[in-house]
Amino acid sequence: YIQRWQSEREYGKRISSEIIRFKPDVVISANTPLDAQRLIMKGSQKIGAKFIFWLQDAIGLATTKALSRKIPVIGKTIGLYYEQLEKAMLHRSQEIIIISENFLPLIRAWNIQEKKIHVIPNWAPLDQIKPQPHHNLWSEKMGLHDTFNFLYTGILGLKHDTSIFLALAEHFRGKEDVRVVVISKGEHFEQLMCEGKKRKLSNLVLLEFQPTEVYSQVLAAGDVLVSVLSPDASQYSVPSKVLSYLCAKCPLLLSVPLENLASKIVIEAEAGLVASPDDLASFLQNASLCYEKSELCYNFGISGREYAVNTFNIDRIIDEFGSIIA
């Protein structure tokens, strides 16, 4: 934790120096650790640049929940400090972009002026993520071209319950043609690897992150694309990988709180099946349904891609950002 804190401060100092050197009129900052964000805002204010806080995750709230579990009492105190820091920076920002209306109750609780709040949902790059055949160069190279694959690719952190991948692999242990593929890296990924070996789950395929240029092929290798999110995280996070999945024309299987924006999108778009994270039985039942009903999965994929094409209009999104900057 100390090393991470030092690294984030160093990152903030470097970005702040670049801002002071470059002298932009406007700074938009997203996905930034709060210690770094504070220094970036300070550098922006020093040169009179307008600051737009692009709120992707409520990091202060996430820190409180994570550290309260890891380091009782002290962790909660540290988390509350970051909540107050995030609140103060949102107050000082000229404009705020939030990716979901789910963040509005928090914004209102912090008495932040709603006139400077703009809701712009995230999107994925349609021109970069294109539907590919299941049997492609990457899936063949990995030996996944003739198996039915439940595939997850992305970061695994405190807001993800990795035990669900173990449960999914256990559920299909008797099916020779089924693979549960997880593509990630880091501490939680290594823990998943150890547990998979301990349970002798030969159908659990664990790979480190793949090159960007084969991302479309990676997604296409998944007969079903999986996303998970813990119940607590629904208040402060929206899994953006779901948006990339929609572009791939593949069915989705979610273990995500039903009130989360990602779940609402998948249900609205009729792009897959959703179960609450505290209902493992329904998640596994949905997984079985995807495995057994190929026509249903095909229709989910079609609907998901249609939603992406109709919604991820980059020209419209650029206009929205342009009006905020202006």
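This briefing describes the strands and helices of one structure and how they are arranged. The model is a predicted one. Among its features are an open sheet of 6 strands and an open sheet of 4 strands, and the pairing is parallel in the 6-stranded sheet as well as in the 4-stranded one.

**The sheet of 6 strands**

- Read across the sheet, the strands follow the order S7-S6-S5-S8-S9-S10.
- Strand S7 (204-207) and strand S10 (272-275) stand at the edges with a single partner strand each, so one side of each has no neighbour in the sheet.
- On average, and with direction ignored, neighbouring strands of this sheet are turned by 20° against each other.
- Strand S6, which covers residues 178-183, pairs with S7 in the parallel sense over 4 bridges, and valine 180 is found opposite leucine 204 in S7.

**Helices lying across these strands**

- Helix H7 (residues 163-171) lies across strand S5 (148-153), S6, S7, strand S8 (224-228) and strand S9 (252-255), and runs at about 165° to S6.
- Helix H11 (residues 261-269) lies across S9 and S10, and its direction is at about 140° to S10.

**The sheet of 4 strands**

- Here the strand order is S1-S2-S3-S4, with strand S1 (26-30) and strand S4 (117-119) as the edge strands, each of them pairing on one side only.
- Neighbouring strands of this sheet are turned against each other by 20° on average, direction ignored.
- Strand S2 (residues 50-55) and strand S3 (residues 95-98) run parallel and are joined by 4 bridges, while tryptophan 54 stands opposite isoleucine 97 in S3.

Key
Residues numbered from 1 in each chain as written. Predicted model: local features only at pLDDT ≥ 70, side-chain atom pairs only at ≥ 80, totals over all residues. Heavy atoms only, no water. Pairing = 2+ DSSP bridges. Helix = DSSP H or I, 4+ residues; strand = E, 2+ residues; numbered from the N terminus. Axes fitted to C-alpha atoms, helices over the stretch in contact; angles between N-to-C directions. Contact = heavy atoms within 4.5 Å.
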